[in-house]
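Good morning, and thank you for joining. I would ask you to look at the model on the screen before we go through its annotated residues, its domains and its contacts between chains.

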Amino acid sequence: MSGERNDPWARFRGATRARIALGRSGDALPTTALLEFQLAHARARDAVHGAVDFGRLAADLAPLETVRVRSAAADRATYLRRPDLGRRLDPASAASLPAGDWDLLFVIADGLSAAAVQANAAPLVQACLTRLGGLRIGPVVLAEQARVALGDEAASRMGARLVALLVGERPGLSAAESLGVYLTWDPKPGRADSERNCISNIHSDGLSIAAAADKLCWLATEAARLKLTGVALKEDAPSLSGHDNHNNPRIGRP
Amino acid sequence: MAGYHRDLGDGSRRHRHRFDDLRALMACASPRRSGDELAGIAADSDERRVAARMALADLPLKTFLNEALVPYETDEVTRLIIDRHDAEAFRPVAHMTVGQFRDWLLSYEADGAALAALAPGLTPEMAAAVSKLMRNHDLVCAAAKCSVVTRFRTTIGLPGRLSSRLQPNHPTDDPTGIAASTLDGLLYGIGDAVVGINPATDNVPACIALLEMLDAVRTRFDLPIQSCVLAHVTTTIQAIERGAPVDLVFQSIAGTEKANAGFGVSLSLLAEAQEAAKALKRGTVGDNVMYFETGQGSALSADAHFGVDQQTVEARAYAVARAFDPLLVNTVVGFIGPEYLYDAKQITRAGLEDHFCAKLLGVPMGCDVCYTNHAEADQDDMDVLMTMLATAGVNFLIAVPGADDVMLNYQSLSYHDVLGLRHLLKRPPAPEFEAWLDKAGWLDGQRRLPPWPGGSDVVAALLASAAA
């Protein structure tokens, strides 16, 4: 391509993060573009296979009380193959959870991006606390090898009426640190995805922590008032992130 | 039902592998994949897997006409398969076992004409069964003999050609961003199958805005292409009612009535959509107006697989597809994730199975050669699958800028990949689109589309014209 002043793509580049106008080496990608792609993929893979430092996360959340649990998936390979195990608590963990009477419980699950959880989970919880006066909020549950539905079992055991589950989202090449939140009223095992509200794409180039906290607290307040979450609540909510790939109807539930 | 069995070994090492019913036999005969293991129906040893294949090889093909894997009474896809079965077309292979059918498919006798005539006589379960006895290379060779040709503004699926879907997705459906990815792809000669956007927001006004933008690009450059916004079928029907320029109706489909209900569709709704789009008469060389996507694992994901293995239930989706004379069908093979297809070995195998079964059933199959970042796969693996599929005569491949879909957060093929395959294998795009490239003066003396020189007047003019 010619120099910046004559770049006919200039007006388009600002409109998309897509890898446009990469140039060609014959029919192939030029070396620079090839290696940039490999770097982005490597970071996404590292995010999937990395482990959350839950000790550091607990320190970031202090002085909030935290409880650590594991899912029934023993390791990452099992977690990736067996979504059913990632949705259930390990029996020893389940027995260790303190019972109580809470309006809202935060559960932080590593999900598919350790980096997202490490960077964004504690700031989001803290931003919510400053916005939520008067609610009784339980100890924050830190869950390893965990999927969204694990929050239902944890919250029902701990006596919470509403659960906000924060989870590392499947990384893309342009966003490896994206956090999602699933809000569920009257959590108990067997809840369907349609009974939750989702806020997606929370990261430095996506939805900001402040904007996500605003949405989450609005939804939590409405959920407590209407005593429900899911499709019925979503209809009245301010428009959520347009990049919600968890609800993408393309094929199955990725 | 007495069930099935196979004895292996001699004397004290003799072991009888039993399979309770036809579903269990099919599931155990399937190559190993994480989705069947997740469903608890996979063979629990490699020996048992081969024992199942040996029993399946001896099974008369006509068994599948008498024994439904999903009940006829409660599933409209089964009723479609059985009620539309063409016994006359089936006659040439009616006496064969599944193993004999494999041998015949690979024989010289089974040429393109014989396979085309046979298609209405085959059920998805027969295609799935024989695929389980085939190696990857068998799947390539048998599929390469089939051609399924469809038409709208271009002719897709002709022997010796390779078409492509240009997929210019954007995380917020920004029209300038989508136009940028579209123009970039056109400069690689991509888009002769369709320019198809997965919308971030599924609503009627947003869908219409995108359709009008794509139609403006098409008419401005007099391009022989068709466009599609891959919204839900009900959204597209409403867009048609409001006068939007709808070329193709898109829908994700699956292999059981319950799984389709999970997508919010039924056979009657698809028929209504096809009728509405055909009535617009926007095609110039044909009236194939439907575009379907499928993929192994979708039925299990919707808890609608009824104990049928994921490859067989996927093949049943092709019976749904062929009932509506689609222009395009593609499997989104690696999109669904490692709980269904764990790694590149499983993704590659599934892509070849899907293409083979669809072509055998007379479905115009393409493929999204792709993977997610939590699967054990990378672009090197996609290189293998795209080359095997192109050799097998796949109708079209999907391509996105730099292989990175910034909306759906997964990796497909890049524009470079499809162009490189066309040049390597000497497979030009659809004839109408190739003629446009020729007229525009974009092809060199060897019929290649070479790189644009820095400061190219053509590129500058195209972008300036599009932005105007």
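I begin with a single residue of this predicted model. Leu166(B) counts as buried because 29 C-beta neighbours lie inside 10 Å, and the threshold for that label is 20 or more. Leu166(B) sits in strand E5, residues 163-166 of chain B. Setting aside residues up to four places away in sequence, Leu166(B) touches Thr182(B), Gly185(B), Ile190(B), Gly191(B), Val195(B) and Ala399(B).

I chose Leu166(B) as the starting point on account of its annotation. An unreviewed UniProt entry places the feature "binding site" at Leu166(B), together with Arg165(B), Gln167(B), Asn198(B), Glu293(B) and Asp368(B). Under the annotation "binding site", also from an unreviewed entry, UniProt covers Pro199(B), Gln251(B), Ser301(B) and Met407(B).

Let me take three of these annotated positions in turn. Where in chain B does Asn198(B) lie? Asn198(B) belongs to the loop between strand E6 (194-197) and helix H12 (204-220). With 23 other C-beta atoms within 10 Å, Asn198(B) is buried.

Pro199(B) lies in the loop between E6 and H12 of chain B. Pro199(B) has 21 other C-beta atoms within 10 Å and is therefore buried. Not counting residues up to four places away in sequence, the residues that Pro199(B) touches are Asp173(B), Ala206(B), Cys207(B), Leu210(B), Val229(B), Leu230(B) and Ala231(B).

Gln251(B) is found in strand E8, residues 249-252 of chain B. Is Gln251(B) buried or exposed? Gln251(B) is buried, since 26 other C-beta atoms lie within 10 Å. Leaving aside neighbours within four places in sequence, Gln251(B) is in contact with Val233(B), Val265(B), Leu270(B) and Phe292(B).

One contact of Pro199(B) deserves a closer look, namely Val229(B). Val229(B) has its place in strand E7, residues 227-229 of chain B. Val229(B) counts as buried because it has 27 C-beta neighbours inside 10 Å. Beyond residues up to four places away in sequence, Val229(B) touches Ile197(B), Pro199(B), Cys207(B), Leu210(B) and Leu211(B). The C-alpha atoms of Val229(B) and Ser414(B) are separated by 20 Å, and these residues are 185 apart along the chain.

I now turn to chain B as a whole. Chain B has 22 helices and 15 strands. Its radius of gyration is 22 Å, which agrees with the value near 23 Å for a compact globule of 468 residues. Along the principal axes, the C-alpha atoms of chain B fill a box of roughly 80 × 45 × 45 Å. Of the 468 residues of chain B, 57% count as buried. Among contacts in chain B between residues at least 6 apart in sequence, 76% join residues at least 24 apart.

Next, the domains. Chain B is divided into domain 1, residues 4-144, and domain 2, residues 150-439. The centres of domain 1 and domain 2 of chain B, taken over C-alpha atoms, are separated by 27 Å. Their contact takes 34 residues from domain 1 of chain B and 41 residues from domain 2 of chain B. On the side of domain 1 that touches domain 2, at least two residues each come from helices H1 (22-29), H2 (34-38), H5 (76-83), H9 (124-131) and H10 (136-144) of chain B. The largest share of that side, 6 residues, is supplied by H10(B). By character, the residues of this side of domain 1 of chain B divide into 23 nonpolar, 5 polar and 6 charged.

What of the contact between chains? Here 55 residues of chain B are in contact with 45 residues of chain A. The elements giving two or more residues to the side of chain B that touches chain A are H2, H11 (175-186), H16 (298-301), H20 (415-425) and H22 (457-467) of chain B. The residues of that side of chain B divide into 22 nonpolar, 27 polar and 6 charged.

I close with the nonpolar core. In soluble globular proteins, nonpolar side chains tend to be buried together. The largest nonpolar core here has 229 residues, of which Val107(A), Ile108(A), Leu166(A) and Leu397(B) touch the most other members. Helix H7 of chain A, residues 114-131, gives the largest share of this core, 9 residues. The core also draws at least three residues from each of domain 1 and domain 2 of chain B.

Conventions: Residues are numbered from 1 along each chain as its sequence is written. Chains are lettered from A and ligands numbered from 1 in the order in which they are written. This is a predicted model: local features need pLDDT of at least 70, side-chain atom pairs count only at pLDDT 80 or more; totals for chains, interfaces and linings use all residues. Helices (H or I, at least four residues) and strands (E, at least two) are DSSP runs, numbered from the N terminus. The radius of gyration is taken over C-alpha atoms; the globule rule is 2.2 Å times the number of residues to the power 0.38. A residue is buried if 20 or more other C-beta atoms lie within 10 Å of its own, exposed if 12 or fewer, and partly exposed in between; C-beta atoms are placed from the backbone. Two residues are in contact if their C-beta atoms, placed from the backbone, lie within 7 Å. UniProt positions are given in the numbering used here, feature names are shortened, and annotations may be inferred rather than shown by experiment. Domain bounds come from an automatic or database domain assignment. Ala, Val, Leu, Ile, Met, Phe, Trp, Tyr, Cys and Pro count as nonpolar, Asp, Glu, Lys and Arg as charged, and the others, Gly among them, as polar. A nonpolar core is a set of buried Ala, Val, Leu, Ile, Met, Phe, Trp, Tyr and Cys residues joined through C-beta atoms within 7 Å.
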